[in-house]
Amino acid sequence: MSELARYRRWMSVSILTILMICFLIAALFPAIQTIGVGVALGAVISWINASYLGRKVRIMADDAVGGNLKRVNLGFLTRAALAVLGVFLAMQFPQYLNTYAVVGGLFLAQFSLLFIGIILSRNTEI
């Protein structure tokens, strides 16, 4: 299994765990339901953005190995548009989503990849 696929699998597991915790918080504590759902929306968008970037990087690496020297776009505008859409939804429906929670959730995949990288670099037998 390649390094990128291993990181992607671990990131998916960690994001799904975070989503489970967010939905449990939203179900058990109605007073902070908007925060739990907001973090969940931000985490989903963050996971989509990180997976999309990983796919683009894999395509770019395969092209470089194959000798194809064309210019490759990493999809920044697509990823930025998804983040803006999430914040827009939070601002449009404040009764369901907390805007600050959505913005905070947008960073979860990146931080989880940071910690996963630290863990996997120290323990190579996982």
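Start at the boundary between domain 1 and domain 2. Together the two domains bury about 2300 Å². Carbon and sulfur atoms account for 73% of that area. Keep in mind that this is a predicted model.

Now pick out three residues in domain 1: Tyr7, Thr34 and Asn49. They supply 21% of the area that domain 1 buries against domain 2. No other three residues give more.

**Set up the selections**

Select 1-71 and colour it as domain 1. Select 73-125 and give domain 2 its own colour. Place a marker at the C-alpha centre of each domain. The two centres lie 8 Å apart.

**Show the contacts**

Display the residues that meet across the boundary. You should get 27 from domain 1 and 26 from domain 2.

Next, look for charged pairs. How many salt bridges cross the interface of domain 1 and domain 2? The rule finds zero. Polar contacts do turn up: six residue pairs link domain 1 and domain 2 this way, with both partners at pLDDT 80 or more.

**Walk the domain 1 side**

Stay on the face of domain 1 that touches domain 2. Select helix H1 (3-28), then helix H2 (33-66). These are the elements that give two or more residues to this face. Which of them gives the most? It is H2, with 19 residues.

Colour this face by residue class. Of its residues, 18 are nonpolar. Six are polar, and three are charged.

**Step back to the whole chain**

Switch to a cartoon view. The protein has five helices and zero strands. Read from the N terminus, the order of elements is α-α-α-α-α.

Rotate the C-alpha trace onto its principal axes. Its spans along them are about 55 × 35 × 15 Å.

**Colour by confidence**

Finish with pLDDT. The mean for the protein is 89. Residues at 70 or more make up 97% of the protein.

Then compare two helices. Select residues 99-105, helix H4: its mean pLDDT of 95 is the highest among the elements. Move on to residues 108-122, helix H5. Here the mean is 89, the lowest among the elements.

For a last view, return to the boundary with both domains coloured. Keep H2 highlighted, as the element that gives the most residues to the domain 1 face. Leave Tyr7, Thr34 and Asn49 as sticks, since they top the list of three-residue shares in the area domain 1 buries there.

Definitions and conventions: Residues are numbered from 1 along each chain as its sequence is written. This is a predicted model: local features need pLDDT of at least 70, side-chain atom pairs count only at pLDDT 80 or more; totals for chains, interfaces and linings use all residues. Side-chain values use heavy atoms; hydrogens and water are left out. Domain bounds come from an automatic or database domain assignment. Contact means heavy atoms within 4.5 Å. Buried area is the accessible area (1.4 Å probe) that two parts lose on being put together, summed over both. A salt bridge is a side-chain nitrogen of Lys or Arg within 4 Å of a carboxyl oxygen of Asp or Glu. A polar contact is a pair of N or O atoms within 3.5 Å; within protein, one must be able to donate a hydrogen and the other to accept it, and residues adjacent in sequence count only if both atoms are side-chain atoms. Helices (H or I, at least four residues) and strands (E, at least two) are DSSP runs, numbered from the N terminus. Ala, Val, Leu, Ile, Met, Phe, Trp, Tyr, Cys and Pro count as nonpolar, Asp, Glu, Lys and Arg as charged, and the others, Gly among them, as polar. pLDDT is the predictor's confidence in each residue, from 0 to 100.
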